[in-house]
Amino acid sequence: MKKDFNFKNFLSFIALFFSVAILSTASANVVTPEIHNDFLRVKFFLDKKLVNVTKSSTEVSFSTLDGDVYTQVREGLKNFSSSKYIKRVSYTEPTSGNNVFTITLSLKKNVEVFSFYKNRDRAYYVDFWKDGQVSNKQAAIKTLPKLVKRDTNEAKLSTPKFVKKASTQVKKKPKKKVRKKIVKKAPKKEKEYKDFRYGASFIWNYEPLAPKLKNQIRLDRKTAEYFFPIKNFDYEKNDSQAHMQLTLNLYRKAKWGLMYKSIKLYEKKFPNNYNAYNDYMKANALLRETLEKGDLKPVDTAVSMYTNIVDRTDNYEMRKGLYKYLVTFYRERKDYVKALKYAKRFFSDAKENFDYEELEYMGEFILASLANLNQVDKVKNLINDKTLIKIISKQKLKAYEIYTYLRQNDEEKAIEAFESFEQSTKGEYLGSIYYNAAEAYFRQANYSKAFRIYDTFISKYSFMSESAQARLRMALIADLQDRPKNEVLELYKNAINRAQNQDVSLEARIRYVGLRTIRKNKRSEQDNETRVFLDKGTDKKLNANLERLLWQTRLRSYIVDGKYEEALTFLTALPVAAMKISEKKVFEADGAEIVYGIIKSNFAEGKFARAIRAWEIYKNTYFKKIGADPEIQFIIAKSYINLTLWDGFQKMYEKMLASKKETAHTFPLWVPRKEVKKLDLYKNELQILRNLKLKNYASVDRIIASTQKSYPNFEKITFYKALAHYKKGEYAKAEKEYEKFYASGANANTIDAKDLIDSIEFYLESIYESKKYDKYLKVSQALLKDASEFHVPASVAKGLREQVNYQRVEILFNKNSKWATAEAESFLTEFDKSLYKNRVKFLLGKESLKKNNFTLGEKLLNEILNDKDAKEYLKELVRSELTLINLKKRTL
């Protein structure tokens, strides 16, 4: 995220590549391997700019324009035959119209890499291993610093106990068969916040702080005359001086027209007598008019005239004034080449004229210009110049050195320069030294030192505008170190409230919102209200880094709110294709989770066609790049089964098996996953569901038995046994198996919420079909209460409640229960558009007539007759009841 070049992929390639090659003589001077017991460290000595690497989940491609580098790499692979890291290596040499050498490595899975670049050695340090094979003692990754708060729920490793065997033989007693108690694991305490990666996670380098260079003039108010005012001429000396005095008088009165005529007349009278004052007054007049009118065009003309005067005049004082103006002008325009040109000329001119008062300022100006042009070697030479050492303090020279290194992104040398200066110099330093040293440590992920130095900078230089950046960096460091979130939020609020820079204020607000409303797992209304901070204003044009951070935060706010459709609309409007690879991957990974959220929500609502449609549209856009984990493929395959689209199912099934991927990716996981299972179990589950759909019950029983034998602890197999019994109409067996499954307590972690809802429906249906009506009434009430807590769409939960409540009404009326009327009335209130409403109205109306409540009974029955959607058989029953009630009325 800090640099345009993708160093991570490059380093991954180097680690993978050289771990498998027998290093040849050609590459011996480039690569130095250090072999450890369970990991390999490789030092790779090569210029960063010589290679370009692209990496996907299955391969790494190494491209270079340098034939020598390609040859060294190929020679290293000459005797290569096999590897536990690389499956296959292929080569592509330049062809017509293409001068790129490419080596492609097809990778094996589970390779982990940790790497960093040492500018001091001009080498990459790369450690790599296979996942789970590196001991803590030897691992290249450093342990967490003390300031990082560890998870309080982290399990402690228990020490194995060893028991000595008795020396004498003891007669063994026959073992009693003891039924193992199933101990339920205590649920893990949910963390209050997600980790840093889930919030506003983009980080970029801040510009280094240049040592303060005093501005000697404000160009929007002054001309060069501020440095070199024109004195009166000796008009009594000769005609030339008298004429110049006349022109000067007109200049002072701002009579520009008469002044120009006077200058023209002078040039005619004295054609061989060039007078720099005439051009000087004309240039000043142009600038003064510009300042009054706000017209910028004459500025370049006036400056051009100044540069001409500098080249032609013999008057040192005039040259000095013009030099001061010109270097300031070009510095403000950020034209450091021209600024350096005139600063060097002024320095040389002042030295020749023994004007040592000006040498210090111009010396600093030269250093500043060279630093801005990234001329490190020249800066290093200049700070050792004897003249500069005499006139500029050692601290300022060191400040420019550190500043130059940081501008070149050479953080290691900046830190080295700071630490050597810190050892030799005590006391208070310049603000730029503190700030740049802290920024260098931050870029190197040495957060503890960066935090301390930023804090020192703020305590001594809080009046500087860069203190806003320092406060924000401190908040960001505390966030990265996982300090207590209340402390982090206060630091962000402090950065917001005390920011003197709009960009810093907005960045702090975005990161604050990211922490409080995206990473916080249980948000309050007050938390969500802080999203107003994301408003940048309509007239505010953001820099590219802030724009991307704002995009990321807005996108993720949709995701955590479960608004996947809105999130996808927002994402597709972003210019993701134009982003750097590292940034693009972040958005694509979020995109895959968004699409998975859409798929899963549609699946949960039984909208299988929509789930499949979302997959087909976006599988190549997102999942092809980051990989689809087994659960996504499993859900799509189940959707095909439910729609009996067997061709689509077969393709998805084969794709899942071919990928051989058994675990979900570890980040990001916006959509909850179930417990990770073996790929064989996914395969078996799909085959069970497929055969149930096709009513191949013998195959279902065979697969269930085989799965139970191979995976005896797979608790979900009980669910499938119950489902199979239900589908076969074996309701008593289905009831028993469902009860076993619920008793295991595994349902919440093993099956989808939609399957859980279906299982409740099938379980109750099994009881109902077995005519266990009392049990049905008792169990249904408890299960409906539990179902209200399931994370399923409201429509799905409502559908279950509707059906179960209807069956309860039927049972209660059949049993002449005193609760029947109350439940029927409650049903009609809650499910006023139900398919069962007319049947419930009939039962309630009939009961009302039975109790001589003729008004209510006739009202309900007449509503059925007037309903065009009511079934005809029901209307016949209503007519019969109304006929009977009329006879009853006559009798009464």
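## Exercises on a predicted model

**Exercise 1.** Which residues does Glu466 touch, leaving out those up to four places away in sequence?

*Solution.* Start at Glu466 and skip its neighbours up to four places along the chain; you're left with contacts to Leu209, Tyr435 and Phe457. Keep in mind that this is a predicted model. Next, find where you are: Glu466 sits in the loop that runs between helix 15 (447–461) and helix 16 (467–480). Now try Pro208, which is 258 residues from Glu466 along the chain, and check the C-alpha atoms: they're 9.9 Å apart.

**Exercise 2.** Work out how helix 22 and helix 24 cross, and what kinds of residues make the contact.

*Solution.* First, the geometry: the axes of helix 22 (residues 581–604) and helix 24 (residues 630–642) come within 11 Å, crossing at roughly 40°. The crossing is left-handed. Then pick out the touching residues, using heavy atoms within 4.5 Å as your cut-off. Helix 22 brings Tyr596, Ile599, Lys600 and Phe603, while helix 24 brings Glu631, Ile632, Ile635, Ile636, Lys638, Ser639 and Asn642. Finally, sort them by class: six are nonpolar, two polar and three charged.

**Exercise 3.** Which helix gives the largest share of the largest nonpolar core?

*Solution.* Begin with the core itself, which has 166 residues; Phe587 and Ile594 are among those with the most contacts inside it. Count by element and you land on helix 22, with nine residues. Zoom in on Ile594: skipping residues up to four places away in sequence, Ile594 touches Leu555, Ile559, Tyr564, Ala567, Leu568 and Leu571. Last step: look for another core apart from this one, and you'll find 60 residues, including Phe365 and Val379.

Key: Residues numbered from 1 in each chain as written. Predicted model: local features only at pLDDT ≥ 70, side-chain atom pairs only at ≥ 80, totals over all residues. Heavy atoms only, no water. Axes fitted to C-alpha atoms, helices over the stretch in contact; angles between N-to-C directions. Helix = DSSP H or I, 4+ residues; strand = E, 2+ residues; numbered from the N terminus. Left-handed = near helix turned anticlockwise from the far one by under 90°. Nonpolar A, V, L, I, M, F, W, Y, C, P; charged D, E, K, R; others polar. Core = buried A, V, L, I, M, F, W, Y, C linked by side-chain atoms within 4.5 Å. Buried < 20%, exposed > 50% of the residue type's maximum accessible area, 1.4 Å probe, protein only.
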